[in-house]
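Q: I would like a close look at one part of this model, with the cut-off behind each term as it comes up. Please take me through it step by step.

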Amino acid sequence: MTLAEAFRMTYDVRPSGVWSAPGRVNLIGEHTDYNDGFVLPFAIAARTSVAAAPRDDDLLRMRSLQQPSGDASVTLDALEPGRPEGWASYVAGVVWAVREQGHEVRGADLVVDGRVPLGGGLSSSHALEVAVAIAVNDLFGLGLDTDALADLTRLAENKFVGAPTGLMDQLALLRGQAGHALFLDTRSLHAEQVPLDPAADGYALVVIDTKVHHSLGDGAYADRRAACERAAAQLGLGSLRDLALDGLAQRLAGLDDELCRRARHVVTENARVPAAVDALRSRDWAELGSLMNASHTSLRDDYEVSCDELDVAVEAARRAGAVAARMTGGGFGGSAIALAPARRMPALRSEVVSAFAAAGWPTPGVFEVAPSDGARRDH
Ligand code: GLA
């Protein structure tokens with residue numbers, strides 16, 4: 001059954017359209033986006049789709065094909081952070097944010113088909129929010145452009161869902177282009193599409209989903225963000241973006257050990273992103289690999305957002321011949337990304353699966369990914 005058919009069976013009318021948004025993997029540039037820094041994500045093929053139709057009243061009805069007993073229904077005036085909760089908060093949060101920003105909308109009926117692995121660190125929540133945002137934008141003729149849609153979904157995520165995330169994921173999903181990674185300056189929002197086609201040189205990109213679920217609303221993410229703000233304030237800076245790599249050790253000398261390590265990660269990671277873009281442009285996979293590997297070390301030791309499962313996944317992938325392996329996304333679980341010669345993929349898969357079995361952990365997901373198109377109207 002198609003999503004449009006599921007919609008018709010649920011609400012007895014045809015949807016006005018079907019919209020979708022992908023998940024994303026970040027190649028490099030982690031925990032830099034809320035420090036005004038650089039990121040290099042790409043959209044993946046897995047997508048979340050939303051079928052929707054406007055209503056004449058102010059009722060919002062939501063159903064998810066993945067949560068059969070989780071239907072939700074709420075009037076627009078009753079929307080407030082925490083109400084509704086659970087998966088429906090990602091849908092309702094976007095509609096709430098649209099109204100917060102002063103746009104006129106009525107109620108709507110929606111059915112969601114989420115195919116981005118939930119809690120896997122591949123931005124499943126943003127995929128849902130962005131798909132709903134582009135649907136609402138079309139349904140009510142709001143005329144919002146990509147940057148306004150990104151702002152809107154960030155407002156929903158930060159204030160309604162309660163996760164203080166940056167802008168990387170929304171923009172990666174909205175601006176993603178097949179065959180490219182998005183080099184984004186989160187301060188100016190200047191973006192460049194950088195060709196990313198490892199297959200042409202015999203390489204493959206693989207995601208390792210540790211199956212350790214993380215929530216960005218659980219405090220550790222907010223704690224890192226607050227540490228960066230404290231470090232910047234103590235250094236008299238607006239943000240850590242303004243700290244140069246040259247002379248870094250001296251500049252950080254007055255900070256306590258924790259703030260020093262957090263700031264060091266952000267500054268070194270910010271320097272690695274443009275270097276990774278240069279490596280990509282010259283298709284220097286070995287150089288890209290060493291930058292990605294250094295990123296993981298920095299996230300593990302200085303920023304402390306990795307976990308045992310991510311470290312084991314990364315090490316197993318490297319043992320099996322990956323030139324690069326690092327955690328991707330917020331961390332504390334979720335997924336790792338590895339770059340390896342395509343012929344090493346079977347070995348990589350079995351090395352990772354055996355390492356998890358030996359540790360007594362559930363079997364991880366191991367699947368290839370390729371840069372794919374961003375959010376769009378499908379029907
Ligand atoms: C999550 C957030 C992003 C970003 C990453 C870490 O994915 O949604 O804004 O901060 O973590 O790089």
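**Where the two domains meet**

A: Domain 1 and domain 2 have 3 salt bridges between them, a salt bridge being a side-chain nitrogen of Lys or Arg within 4 Å of a carboxyl oxygen of Asp or Glu. Side chains of opposite charge can pair when their charged atoms come close.

Before going further, a word on the model. It is a predicted one, in which local features need pLDDT of at least 70 and side-chain atom pairs count only at pLDDT 80 or more, while totals for chains, interfaces and linings use all residues. Residues are numbered from 1 along each chain as its sequence is written, and side-chain values rest on heavy atoms, with hydrogens and water left out.

Domain 1 covers residues 3-190 and domain 2 covers 196-369; these bounds come from an automatic or database domain assignment. Their C-alpha centres are 25 Å apart. On the side of domain 1, 36 residues are in contact with 44 residues of domain 2, where contact means heavy atoms within 4.5 Å.

The size of an interface is often given as the accessible area lost when the parts come together. Here the two domains bury about 3200 Å² between them, with 64% of it on carbon and sulfur atoms; buried area is the accessible area (1.4 Å probe) that two parts lose on being put together, summed over both. Leu27, Ile28 and His31 provide 20% of the area that domain 1 buries against domain 2, more than any other three residues.

His31 deserves a second look. His31 sits in the loop between S1 and S2, and its phi is near 60°, a positive value in a residue other than glycine. With a relative accessible area of 5%, His31 is buried (buried is under 20% relative accessible area, exposed over 50% and partly exposed in between, with a 1.4 Å probe and protein chains only).

A charged pair involves that loop too. Glu30 forms a salt bridge with Arg326, and their closest N and O atoms are 2.7 Å apart. This pair links distant parts of the chain, with Arg326 in strand S10 (residues 324-328) and Glu30 in the loop between S1 and S2, 296 residues apart. Both Arg326 and Glu30 are buried.

Polar contacts join the domains as well: 24 residue pairs across the interface are in polar contact, both residues of a pair being at pLDDT 80 or more. A polar contact is a pair of N or O atoms within 3.5 Å; within protein, one must be able to donate a hydrogen and the other to accept it, and residues adjacent in sequence count only if both atoms are side-chain atoms.

On the side of domain 1 that touches domain 2, the elements giving two or more residues are strands S1 (17-26), S2 (38-39), S3 (41-54) and S7 (180-185). Helices (H or I, at least four residues) and strands (E, at least two) are DSSP runs numbered from the N terminus. S7 makes the largest share of that side, with 4 residues. By type, the residues of this side of domain 1 are 16 nonpolar, 14 polar and 6 charged; Ala, Val, Leu, Ile, Met, Phe, Trp, Tyr, Cys and Pro count as nonpolar, Asp, Glu, Lys and Arg as charged, and the others, Gly among them, as polar.

Following the chain on from S7 brings us to Leu189, in the loop between S7 and strand S8 (191-195). Leu189 also has a positive phi, about 65°, although it is not a glycine. Leu189 is partly exposed, at 23% relative accessible area.

To put the salt bridges between the domains in context, the whole structure holds 27 salt bridges. Asp257, Glu258, Arg261, Arg262 and Glu304 are linked in a network of them. Within this network, Glu258 pairs with Arg262, the closest N and O atoms being 3.7 Å apart, and both lie in helix H8, 4 residues apart, about one turn of the helix. Glu258 is partly exposed at 29% relative accessibility, whereas Arg262 is buried at 5%. Arg262 also forms a salt bridge with Glu304, at 3.0 Å between the closest N and O atoms. That link runs from helix H8 to the loop between helix H9 (285-301) and helix H10 (308-319), where Glu304 lies, 42 residues away. Glu304 counts as partly exposed, at 35% relative accessibility.
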